[in-house]
Each structure stands twice: as structure tokens, then as C-alpha cells.
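The following exercises concern pockets, a loop residue and a pair of strands. Each task is followed by a worked solution that proceeds in steps.

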Amino acid sequence: PKTDIVFLKVHKSASSTVMNILFRFGETHNLTFAFPQGGGFQLYYPHHFLARFVQGFSPLSPRRFNILCHHMRFLQPEVQKVVPSSAVYFSILRNPVQLMESSFVYYKGASAFSRVRSLQEFLSQPYRYYNPASGDRHYARNLMTFDFGFNPDGDVSPERVQLMLKAIEASFDFLLISEYFDESMVLLKEMLCWDLDSVVSFPLNIRDSSTKSPLPDSAVEKLKAWNRLDWEIYTHFNRTFWERIDRHIGRERMRREVAALRERQAELARTCLQGTGSVAPKDIKDSSLRPLQHGGARILGYNLKQGLGAELERTCRRLVTPELQYSSLLYKKQFPP
């Protein structure tokens, strides 16, 4: 199994669920994480990543960490200073239309969104609300482009777009697609030589569907145009995702693997969870399993069954521990006070 990993955690793209998978794998195999200084949760985002943002990094000692997966704005020469040269680089993308709809609710306090009632209102005259000079502009435009380290207000000419796609391809071994999450997990397992249980997960940091609203077609087209760079990244890597599956796995085996993954997840859900799955924040009985609530979103969580054996309880608890709590726990383990 591959144990040296860089995961670029792109916002609002099922990346918290992937992070939980990496946390569990790292914990099980006693791997080290490149934590933010002082045990924070982001590597000085939205600044471009620097090696000195990592707790325990020193330019004088060649210490390397196994897994880098906290939110950062990608800058490969700096990343290379904190992980082994053998590290596998990957990320996950989401359709920019759903991504922006999610960002709008989650980052409602961002300067570009705070004065509008709806996403449609924003899209009708984006430059009335959007200021390219504001420090939080990236939440409102080409968020994936920004996380990959590029300018969200950059030139959209075919030449520039090609350069950007080539740069991403040069840095990353593969990119997953959140709309095909189960297929992505099978691909991840394949690329990292992991076993099925290592990529099993329950969806984390997801919001209650009551805050989701479908957009009219006219808004969808405006959204694609406004997030043109994200759209280019997404369509390109959605295509190469399927090409890679055809090359490495094949559709028939992929169907079997996805079925096995879903079956295992259903089995774990029956074993671990009270009720049928995720519940509203107010209904989570164990406060240590309550996810951070942000913006206008209602982030769901889970209740564990009572009376599980110690080993099983630990497995189940890890599957549903929200990102911030899990990160703190691993930080304390790696850097005991």
C-alpha cells in the first residue's frame, strides 16, 4: 500500500469524506500528518502553501511527513519540502454548478454574497457584488481554480486554459470526481493499492437537503460562464477520469467493485448507526460527534448504536468523527502536550 500522500482538499467537493478516509488509514498505519502550525485546521488558507506553515517542519532537518491533506492553496515546490518525493498526489473535483450553489449557502458571509438574497440575483450582475481585490473573492468565483493555485480571475483563452490543465496534470497523479464518489473510491483503492475497508466511508460535512435549491437553466449557463476556468478543469478531468477507469479497471469490474463497496458500507451502517443514517445537528446525542455548523447550511451528523464492543465502537466512531475533532485528536497523538 502507498503511504506517502498529498491530497489537495478542494472546498465543497466531498473532500471532508476523503479526509476521513486518509485520517483513518494514517491512524491505523501509524503515519505522520503535515498538520497546520499549532494544530489549526487550515494551512494558512487562502495564502499559497508554504512549508513553514507545517508544525514540526524545519528547513534544517530533512523531516518528511507521510500525509498532507488539510486545506491549502497548492504550491508544489513548497509541498515537496514536507513530503517524500515518492508521494502520490491526488484531488477531487465537483461540477462547478453544484459547487457554487453549495458555496453560496456555506459562505453566505463572504463579501460577494453577503448583500444578495439569492444566487440568481448575484449572477444577474456579478460585478456589482464581486470585487476581484477582496481577500475572500475565491469563494464566489472559480473556487477549484483558486485551490489549485491559479488566478480565479485569470484569462480564459484556450492557450491559457491548456497551460493550466497541463500544469495540473504535471503535478497530480489522478483526480477524482465527487459526482461519481463510489467509482472514485474504487479508483483510489486501485491507485494506492489499498483494501476495500480502507476506502469505505459515511458521507461527512453534508448539508440538509432543505437548504438546497435547484437552479433554472438560464442560471446554470450564467454560472458556467462565470466559473469558466472551473468548468474547463472539471470537464477535462471528468473525461480523463473515465479514460483512466477504462485503462486500469474496465467498466465491468468497476460495476462489481462499486457493488461490493456499497454492500460493505450498508453492512457497516447497519452495524454502527442508530436509525437509517444521518441526522440533523440538534438530534446528535454525542456532542463530540457534532460537526461544525457554517453559514446558512445545516450540516448533518450521526448517532452510534449503544452497546457496541470496544473494538467495533472504535471502528464505528472513527467513521463518523467530524473532520475538526478527528484532526485535533490525531494532532495531540502526534504532538503530545
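**Exercise 1: The surroundings of C193**

In this predicted model, C193 touches P1 and K2 when residues up to four places away in sequence are not counted.

Task. Determine where C193 is found, and whether C193 counts as buried, partly exposed or exposed.

Solution. Step 1: place the residue. C193 is found in the loop that runs between α8 and α9 (217–226).
Step 2: compare sequence and space. Although 192 residues apart along the chain, C193 and P1 have C-alpha atoms separated by 4.7 Å.
Step 3: classify the accessibility. Buried requires under 20% relative accessible area and exposed over 50%. The relative accessibility of C193 is 47%, so C193 counts as partly exposed.

**Exercise 2: Strand β4**

Task. Establish which way the side chains of β4 (residues 174–177) point, and in which sense β4 pairs with β3 (residues 88–93).

Solution. Step 1: recall the general pattern. Side chains in a regular strand alternate between the two faces of the sheet.
Step 2: assign the residues. In β4, F174 and L176 point one way, whereas L175 and I177 point the other way. All of these residues are buried.
Step 3: examine the pairing. β3 and β4 pair in the parallel sense, over 4 bridges. S91 has L175 as its bridge partner in β4.

**Exercise 3: The largest pocket**

Task. Describe the volume of the largest pocket, the residues that line it and the elements that supply them.

Solution. Step 1: state the volume. The largest pocket holds about 990 Å³ of space.
Step 2: identify the lining. There are 48 lining residues, and those nearest the centre are K12, S16, L204, N205 and I206.
Step 3: classify the lining. It comprises 23 nonpolar, 16 polar and 9 charged residues.
Step 4: trace the elements. At least two lining residues come from each of α1 (15–28), α3 (96–106), α8 (181–192) and α13 (323–334). With 5 residues, α3 gives the most.

**Exercise 4: The second largest pocket**

Task. Carry out the corresponding analysis for the second largest pocket, beginning with its volume.

Solution. Step 1: state the volume, which is about 350 Å³.
Step 2: identify the lining. This pocket is lined by 16 residues, with R24, T28, D197, R314 and T315 closest to its centre.
Step 3: trace the elements. α1, α11 (251–272) and α12 (310–320) each give two or more residues. The largest share, 5 residues, comes from α12.
Step 4: classify the lining. It divides into 5 nonpolar, 4 polar and 7 charged residues.

How values were computed: Residues are numbered from 1 along each chain as its sequence is written. This is a predicted model: local features need pLDDT of at least 70, side-chain atom pairs count only at pLDDT 80 or more; totals for chains, interfaces and linings use all residues. Side-chain values use heavy atoms; hydrogens and water are left out. On a 1 Å grid over the protein atoms alone, a cavity is a set of points where a 1.4 Å probe fits but cannot get out, and a pocket is an open set with protein on both sides within 12 Å along at least five of seven lines; lining residues have an atom within 4 Å of a point. Grid points are joined across faces, edges and corners, and a volume is the space filled by probe spheres set on the points. Ala, Val, Leu, Ile, Met, Phe, Trp, Tyr, Cys and Pro count as nonpolar, Asp, Glu, Lys and Arg as charged, and the others, Gly among them, as polar. Buried means under 20% relative accessible area, exposed over 50%, partly exposed in between (1.4 Å probe, protein chains only). Contact means heavy atoms within 4.5 Å. Two strands pair if DSSP finds at least two bridges between them.
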